[in-house]
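Here are a few short exercises on helix packing, each with a worked solution. Have the structure open beside you and try each task before reading on.

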Amino acid sequence: MTKQNSFIGFLLIGFGLYFLLRQLNIPYLSEFYSWPTLLFIIGAAFLLHSYIAKDHSSLFTGALMLGFGVHFHAIHHLAFWKDDWPFYLLVIGVAFLIRYAGAKKGLIPALLFLGFGFFALFWPVNPEWFQWIQTGFQTIIRYWPLVLIVSGLYLLKK
């Protein structure tokens, strides 16, 4: 397999396994037949392609999608995991950290996102100024499909 086709190859293998397991209808895996699993598969394909092709431009995207896939699964399967905005900051911080490990870019944003995420997650009492951050994240979560639409229109125009 050439390095250019590795992403498509990993994506096809991941989707093939997903749909095969879904068709086999294994009871223990029925909870994983959902859209977070697809995010996980796409993110893993990006990461595998980045490391095998030694093209580190997709590390951030892969880590971000894989991280959000893990996060959305963890909400439903781990009792201690909450769907709270600091987890989004931690996922973004880890994605920057993985990008830094491969491409040597993005250490400062990684440390800022991780530091602020851990601060917000473990601080015993959230300050009042956190309220506007939480409101902002709730707005983003509500209207994230619009971000996809605008990004797609921008790419078509460009």
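The exercises below deal with helix pairs, nonpolar cores and two loop residues in this predicted model.

**Exercise 1.** Work out how H1 and H2 are oriented to each other, and which residues make their contact.

*Solution.* Start with the geometry: the axes of H1 and H2 come within 8 Å and cross at roughly 150°. Angles over 145 degrees count as roughly antiparallel, so H1 is roughly antiparallel to H2. Next comes the hand, and H1 passes H2 in a right-handed crossing. On the H1 side, the contact is made by Ser6, Phe7, Phe10, Leu11, Gly14, Phe15 and Tyr18. H2 contributes Thr37, Leu38, Ile41, Ile42, Ala45, Phe46, Leu48, His49 and Ile52. Sorted by class, this contact has 12 nonpolar, 4 polar and no charged residues.

**Exercise 2.** Do the same for H2 and H3, and find the hand of their crossing.

*Solution.* Helix H2 covers residues 35–52 and helix H3 residues 59–77; their axes come within 7 Å and cross at roughly 150°. That makes H2 roughly antiparallel to H3. The hand of this crossing is left. Among the H2 residues in the contact are Trp35, Pro36, Leu39, Phe46 and Ser50, while those from H3 include Leu66, Phe68, Phe72 and His73. The class count for the contact of H2 with H3 is 16 nonpolar, 7 polar and no charged.

**Exercise 3.** Describe the packing of H4 against H5: what are the angle, the axis distance and the make-up of the contact?

*Solution.* H4 and H5 pack at about 155°, with axes 8 Å apart. The two helices are therefore roughly antiparallel to each other, and their crossing is left-handed. From H4 the contact takes residues including Trp85, Leu89, Ile92, Phe96 and Tyr100; from H5, Leu107, Phe113, Phe116 and Leu121 are among them. The residues divide into 19 nonpolar, 2 polar and no charged.

**Exercise 4.** Find the largest nonpolar core and say which helix gives the most to it.

*Solution.* The largest nonpolar core has 18 residues. Those with the most contacts inside it are Leu64, Phe68, Phe72, Trp85, Tyr88, Ile92 and Phe137. Now trace where the core comes from: H2, H3, H4, H5 and H6 each supply at least two residues. H4 gives the most, with 7 residues. To zoom in, take Phe72: leaving out residues up to four places away in sequence, Phe72 touches Trp35, Pro36, Leu39 and Tyr88. A second, separate core of 5 residues includes Phe7, Phe10, Leu11 and Ala45.

**Exercise 5.** Are the loop residues Ser58 and Phe32 buried or exposed, and what do they touch?

*Solution.* Take Ser58, in the loop between H2 and H3. Its relative accessible area is 13%; under 20% counts as buried, so Ser58 is buried. Beyond residues up to four places away in sequence, Ser58 touches Phe46 and Ser50. Turn next to Phe32, in the loop between H1 and H2. Phe32 has a relative accessible area of 34%, so this residue is partly exposed. Neighbours within four places in sequence aside, Phe32 is in contact with Tyr18, Thr37, His73 and His77. As a last step, check a distance: the C-alpha atoms of Phe32 and Leu112 are separated by 32 Å, and the two residues lie 80 residues apart along the chain.

Methods:
Residues numbered from 1 in each chain as written. Predicted model: local features only at pLDDT ≥ 70, side-chain atom pairs only at ≥ 80, totals over all residues. Heavy atoms only, no water. Axes fitted to C-alpha atoms, helices over the stretch in contact; angles between N-to-C directions. Helix = DSSP H or I, 4+ residues; strand = E, 2+ residues; numbered from the N terminus. Parallel < 35°, antiparallel > 145°, perpendicular 65-115°, else oblique. Left-handed = near helix turned anticlockwise from the far one by under 90°. Contact = heavy atoms within 4.5 Å. Nonpolar A, V, L, I, M, F, W, Y, C, P; charged D, E, K, R; others polar. Buried < 20%, exposed > 50% of the residue type's maximum accessible area, 1.4 Å probe, protein only. Core = buried A, V, L, I, M, F, W, Y, C linked by side-chain atoms within 4.5 Å.
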